[in-house]
Amino acid sequence: MANNKREDILSAALRLFADRGYDGTTVPMIAEQANVGAGTIYRYFESKEQLVNVLYQQWVEALANSIVMGEAENQLPLREQFSWIFKKLIAFSNDHLHALLFIDSHCGGLYLDEKSSHQFNTMLNVFREVLEYGKKEGIIKNFDANALIGMVWGAFVHLFKLIRNGILENNDELFYHAEVACWDALKNVE
């Protein structure tokens, strides 16, 4: 039973932090959404800051695990590696939209502890390694890898915000064209 309450708290906090942000979410709001008393939250988490960090680490790890390439994927040509990662991001986002929005909106939060920041940076290294290899091979633009990640990540997350808001329809054609456009933004045309 206690484990279910903890999961209920994490689930409620995820939705609220994704929709309202850290500052717009209070412990009583989380308690109400989780259908527990505010004091119950403090049995599992010593503070709202600890709660957001536990949640952040959980979902960044889940995202990272969903995009880590195995040996077979690492042998693919770079364009196919990008496609594989992009498709894994789509699958993760379709299954865990609140997690995607939560990670995106909290990645620079001053309340994130060192472990959370390190974990996010480790996850970004998956992208950086692919981009740095592509730059070395002349396939990817010779531009700062973090800027390239920002361009693709920002576009990707915004597509899901538009889908959530009913402006775009979530379908294979949308993601096919989005992937091509993101790849075109990265590839070296010289």
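Which residues in α4 are buried? The legends below take that up and then move on to rings and cysteines, all in a predicted model.

**View 1. The buried residues of helix α4.** Starting at the N-terminal end of α4, the buried residues are Lys48, Leu51, Val52, Asn53, Leu55, Tyr56, Gln57, Trp59, Val60, Leu63, Ala64 and Ile67. For anyone reading the spacing in that list, an α-helix has 3.6 residues a turn, so residues three or four places apart point the same way. The helix itself covers residues 48-67, and its 20 residues should span 28 Å at 1.5 Å a residue. The end C-alpha atoms sit 29 Å apart, which agrees.

**View 2. A lysine over a tyrosine face, and a cluster of rings.** Lys48 turns up again here, lying over the face of Tyr22 at 4.1 Å from the ring centre. Tyr22 also belongs to a cluster that ring pairs build from Phe17, Tyr22, Tyr56, Phe102, Tyr111 and Phe120. Tyr56, another member of that cluster, is one of the buried residues of α4.

**View 3. Phe86 meets Phe156 edge-to-face.** Searching the whole structure turns up eleven aromatic pairs, and here's one of them. The ring centres of Phe86 and Phe156 are 5.4 Å apart with the planes at 85°, so this pair counts as edge-to-face; the cut-off for that label is over 60 degrees. Phe86 comes from helix α6 (residues 78-95) and Phe156 from helix α9 (residues 145-164), so the pair ties together parts 70 residues apart in sequence. Both Phe86 and Phe156 are buried.

**View 4. Phe160 and Phe175, a stacked pair.** With the planes at 25° and the centres 5.2 Å apart, the rings of Phe160 and Phe175 count as stacked. Phe160 sits in helix α9 and Phe175 in helix α10 (residues 172-186), so this contact ties together parts 15 residues apart in sequence. Buried or exposed? Phe160 is buried, at a relative accessible area of 2%, and Phe175 is buried too, at 5%.

**View 5. Two cysteines and no disulfide.** How many disulfides does the structure hold? Zero. Cys107 is in no disulfide, and its nearest cysteine sulfur, on Cys182, is 17 Å away. A disulfide would need the two sulfur atoms within 2.5 Å. As for their surroundings, Cys107 counts as partly exposed at 33% relative accessibility, whereas Cys182 is buried with a relative accessible area of 8%.

Methods:
Residues numbered from 1 in each chain as written. Predicted model: local features only at pLDDT ≥ 70, side-chain atom pairs only at ≥ 80, totals over all residues. Heavy atoms only, no water. Phe/Tyr/Trp six-rings, centres within 6.5 Å; stacked < 30°, edge-to-face > 60°. Helix = DSSP H or I, 4+ residues; strand = E, 2+ residues; numbered from the N terminus. Buried < 20%, exposed > 50% of the residue type's maximum accessible area, 1.4 Å probe, protein only. Lys NZ or Arg CZ within 6 Å of the ring centre and 35° of its normal. Expected span 1.5 Å × (residues − 1).
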